[in-house]
Amino acid sequence: MKSTKDKSDGYLKCSFTSSRRDFLTGTARAACGMSLLGLGLGLYSEVGKTHPANTLRPPGARADEEEFLGRCVRCGLCVRACPYDCLRLAEFGEPTATGTPYFIAEEFPCYMCPDIPCVKACPTGALDPKLTDIKDARMGVARVVGTDRCLNYWFNHRCLACTTICPVRGKAITLEKEIWVKSDGTKQLRFIPTVNDEHCTGCGMCEKNCPMARYGGGAAIKVLPLSIVKREDQRYHRRFTPEEQKAIETKAKAKTL
Ligand code: SF4
Ligand code: SF4
Ligand code: SF4
């Protein structure tokens, strides 16, 4: 575009001298920008429908994620009400829907306040006010995810960390006796941490306090969102195949040499 002065009246007038190449370049840039924006919005809307496996919603959060997102107005009042600062609001660019509350159990678990201030603070019911007993909360469910890391499976110790720290003690997670038949036919008694789904609130205290959390690879027990857990897996008692068992014993032997 070029500005010229009209000699007849002295006013400034504009005349367009855009070339065909400028026009096509501009159009292509605009189209490219729009498609990137579309891609960004598409990804953003996918983010809105889900959240990563290590992020958990506060107590009382509507189990249906879409319903929760529809009700949550991103005010952050639940976050402000939490006396343990375990809740945070997702920031733009995080995989959880922006502005919505969540916690990461391995960093800051929920301390299961008896008066549930986060739920009381929620003005919309995104955190269900019908939750009046924190032991009825279902923020997720714990799973022993590292049988090659759990001290009781792997090293045949009698670690009590997860069972003693659990606020729903004696109910949500218990140690179950199991006879381990080794590949050479000898038997050994093991005490297997076993989560009872009907009592587990998903608070994450077990994950935070598992001694293996201090070593690379993380806790042997993790709390997962209910949406991704297969309920039938609730008692993890799968026996190792002979090949797996042999590999485990070889590894253990190498460690003790
Ligand atoms: S129950 Fe207490 S610790 Fe847990 S999220 Fe709510 S306010 Fe925080
Ligand atoms: S605290 Fe960790 S290592 Fe100890 S029994 Fe529980 S899952 Fe296993
Ligand atoms: S998440 Fe762990 S500590 Fe919390 S109730 Fe369940 S088993 Fe107990």
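This short presentation describes one protein chain, its strands, its core and the shells around its three ligands.

Good morning. The structure is a predicted model, in which local features need pLDDT of at least 70 and side-chain atom pairs count only at pLDDT 80 or more, while totals for chains, interfaces and linings use all residues. Residues are numbered from 1 along each chain as its sequence is written, and chains are lettered from A and ligands numbered from 1 in the order in which they are written.

I begin with the overall picture. The chain contains eight helices and eight strands; these are DSSP runs numbered from the N terminus, helices being H or I with at least four residues and strands E with at least two. Of the 257 residues in the chain, 25% are buried. A residue is called buried if 20 or more other C-beta atoms lie within 10 Å of its own, exposed if 12 or fewer do, and partly exposed in between, with C-beta atoms placed from the backbone. Two residues are in contact if their C-beta atoms, again placed from the backbone, lie within 7 Å. Among contacts between residues at least 6 apart in sequence, 65% join residues at least 24 apart.

Let us turn to the strands. Strand 6 (residues 173-181) and strand 7 (residues 187-195) pair in the antiparallel sense over nine bridges, where pairing requires that DSSP finds at least two bridges between two strands. Within this pair, Trp-180 has Gln-188 of strand 7 as its bridge partner. The two strands form a hairpin with five residues between them, and in the turn Gly-185 has a positive phi of about 95 degrees.

A second antiparallel arrangement joins strand 5 to strand 8 through four bridges. Here Val-144 is bridged to Ile-221 in strand 8. In a regular strand the side chains alternate between the two faces of the sheet. Which residues cover the faces of strand 5? Val-141 and Arg-143 lie on one side, Ala-142 and Val-144 on the other, and all are buried.

Strand 8 (residues 221-224) also holds Lys-222. Is Lys-222 buried or exposed? Lys-222 is buried, because 22 other C-beta atoms lie within 10 Å. Beyond its neighbours within four places in sequence, Lys-222 is in contact with Arg-143, Val-145 and Glu-207.

Next comes the core. A nonpolar core is a set of buried Ala, Val, Leu, Ile, Met, Phe, Trp, Tyr and Cys residues joined through C-beta atoms within 7 Å. The largest one has 41 residues, and those with the most contacts inside it are Cys-118, Ala-142, Ile-173, Cys-206 and Ile-221. Helix 4 (117-121), strand 5 (141-144), helix 6, helix 7 (205-209) and strand 8 each supply at least two residues of this core. Strand 5 gives the most, with three residues. The core draws at least three residues from each of domain 1 (50-139) and domain 2 (140-257), bounds that come from an automatic or database domain assignment.

Now to the ligands. A residue is counted as near a molecule if its C-beta atom, placed from the backbone, lies within 6 Å of it. For residue classes, Ala, Val, Leu, Ile, Met, Phe, Trp, Tyr, Cys and Pro count as nonpolar, Asp, Glu, Lys and Arg as charged, and the others, Gly among them, as polar.

Around ligand 1 there are 15 residues, of which Cys-82, Cys-110, Tyr-111, Cys-113 and Cys-118 come nearest. This shell has 15 nonpolar, no polar and no charged residues. Ligand 2 has 13 residues around it, with Cys-150, Cys-159, Ala-161, Cys-162 and Cys-210 nearest. By class, the shell of ligand 2 has twelve nonpolar, one polar and no charged residues. Helix 5 (151-154) and helix 6 (161-165) each supply at least two residues of that shell. Of the 14 residues around ligand 3, the nearest are Cys-166, Ala-172, Cys-200, Cys-203 and Cys-206. The ligand 3 shell has eleven nonpolar, three polar and no charged residues.

One residue from the first shell merits a closer look. Cys-110 sits in the loop between strand 4 (101-102) and helix 4. Cys-110 counts as buried because it has 28 C-beta neighbours inside 10 Å. Leaving out residues up to four places away in sequence, Cys-110 touches Pro-59, Cys-86, Phe-103, Met-139, Cys-203 and Gly-204.

Thank you for your attention.
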